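This briefing covers a single protein chain. It takes the whole chain before individual residues.

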Amino acid sequence: MYNDTQVLFDNGEHKFIFLGSEKKDIESIPTNQFLIIHKNEGILLDPGGVHVFPKVLANVVEYIDLDTIKYVFYTHQDPDVSSGISLWDSVLDARFYISKLWERFLPHFGVFDNSKMVVIEDKGGTIRFRDGVELKIIPAHFLHSTGNFTLYDPISKILFSGDIGVSVFPKNEEKLYVDNFSKHIKYIEDFHKRYMASNKACKKWVNIINNYEIEQMAPQHGAIYEKNEFKEFLKWFDNLQCGIDLIDKIYGWDERK
């Protein structure tokens, strides 16, 4: 397991940091957490559930003081992404960004100050640092959540893709980077066919993403894609039959009988 943190980009003023990945004894796949630091101002990306909070917190403070983290971004509402929200709320003076569809749901994970929540409209938006640099919030609805977003960092040119591109490795075979996409498909295919809503949703997102210059794609589970492997992923994802495209196969029975 690649538990150690990794700095994916650093130009002296701006860092994009992988905070490690961990699988607890409960039945789950490893979750990845990320931290962007821009001129001593921080944003956490999908900081995770209750079970990983102590580890993620310990890794964060190796790089930045908690009082300088001003934003937390959630791609969607799943518990492996956001169930630690009340814990992060207790240690951060930050704004929490989430789709407007999930504003009423996140407080169910615990006591939370709703005044700190920033709801993201369906068309997306931006998160702006003090000096005016903006991170781009890009819609990715139905991939897999109904209210879902990805986040693009224009300085590092890293795309945080949430559950898009995730890989599920056999135990003790995890990798930090995708090294051969054609061989990597077996680790991503089953997940994407079942969890992504439809090829139409895939194509919509790919058409948007093709407008951005991307050096790496960092998913919330599994390996990170560098530029060439990312381009191969986009081609594959653009043509993927998934979700309701496969509904008869998924149901496995004929309603006429």
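The points below deal with the overall fold and then with three residues.

The model is predicted. Its chain has 7 helices and 13 strands. The radius of gyration is 18 Å, close to the 18 Å that the globule rule gives for 257 residues, so the chain is as compact as a globular protein of that length.

**Whole chain**

- The C-alpha trace spans about 60 × 40 × 40 Å along its principal axes.
- Of the 257 residues in the chain, 53% are buried.
- Among contacts with a separation of 6 or more, 62% are between residues 24 or more positions apart.
- About 12,300 Å² of the chain is exposed, and carbon and sulfur atoms supply 48% of that area.
- The chain carries 30 positive and 38 negative charges, and the mean positions of these two sets are 5 Å apart.

**Gln33**

- Gln33 is part of strand E3, which covers residues 31–38.
- Its relative accessibility is 1%, and because the cut-off for buried is under 20%, Gln33 counts as buried.
- The side chain of Gln33 makes a polar contact of 2.9 Å with the side chain of Thr31.
- Beyond its neighbours within four places in sequence, Gln33 is in contact with Ile17, Phe18, Leu19 and Gly20, with Leu45, Asp46, Pro47 and Gly48, and with Val52 and Val56.

**Val166**

- Val166 sits in the loop between strand E11 (158–162) and helix H4.
- With a relative accessible area of 0%, Val166 is buried.
- Setting aside neighbours within four places in sequence, the contacts of Val166 are Tyr187, Ile188, Phe191, His192, Pro219, Gln220 and His221.
- Among these contacts, Tyr187, Ile188, Phe191 and His192 fall in the range of helix H4, residues 181–195.
- From Val166 to His144 the C-alpha distance is 11 Å, with their positions 22 residues apart in sequence.

**Glu189**

- Glu189 lies in helix H4, residues 181–195.
- Its relative accessibility is 28%; partly exposed applies between 20% and 50%, so Glu189 counts as partly exposed.
- Glu189 and Phe237 are 48 residues apart in sequence, and their C-alpha atoms are 9.7 Å apart in space.

**Burial in brief**

- Gln33 in its strand is buried at 1%, as is Val166 in its loop at 0%, whereas Glu189 is partly exposed at 28%.

How values were computed. Residues numbered from 1 in each chain as written. Predicted model: local features only at pLDDT ≥ 70, side-chain atom pairs only at ≥ 80, totals over all residues. Heavy atoms only, no water. Helix = DSSP H or I, 4+ residues; strand = E, 2+ residues; numbered from the N terminus. Buried < 20%, exposed > 50% of the residue type's maximum accessible area, 1.4 Å probe, protein only. Polar contact = N/O pair within 3.5 Å; in protein donor to acceptor, adjacent residues only side chain to side chain. Contact = heavy atoms within 4.5 Å. Rg over C-alpha atoms; globule rule 2.2 N^0.38 Å. Areas by Shrake-Rupley, 256 points an atom, 1.4 Å probe, with all protein chains shown as cover. Lys, Arg positive; Asp, Glu negative; His and termini not counted. Charge placed at Lys NZ, Arg CZ, Asp CG, Glu CD.
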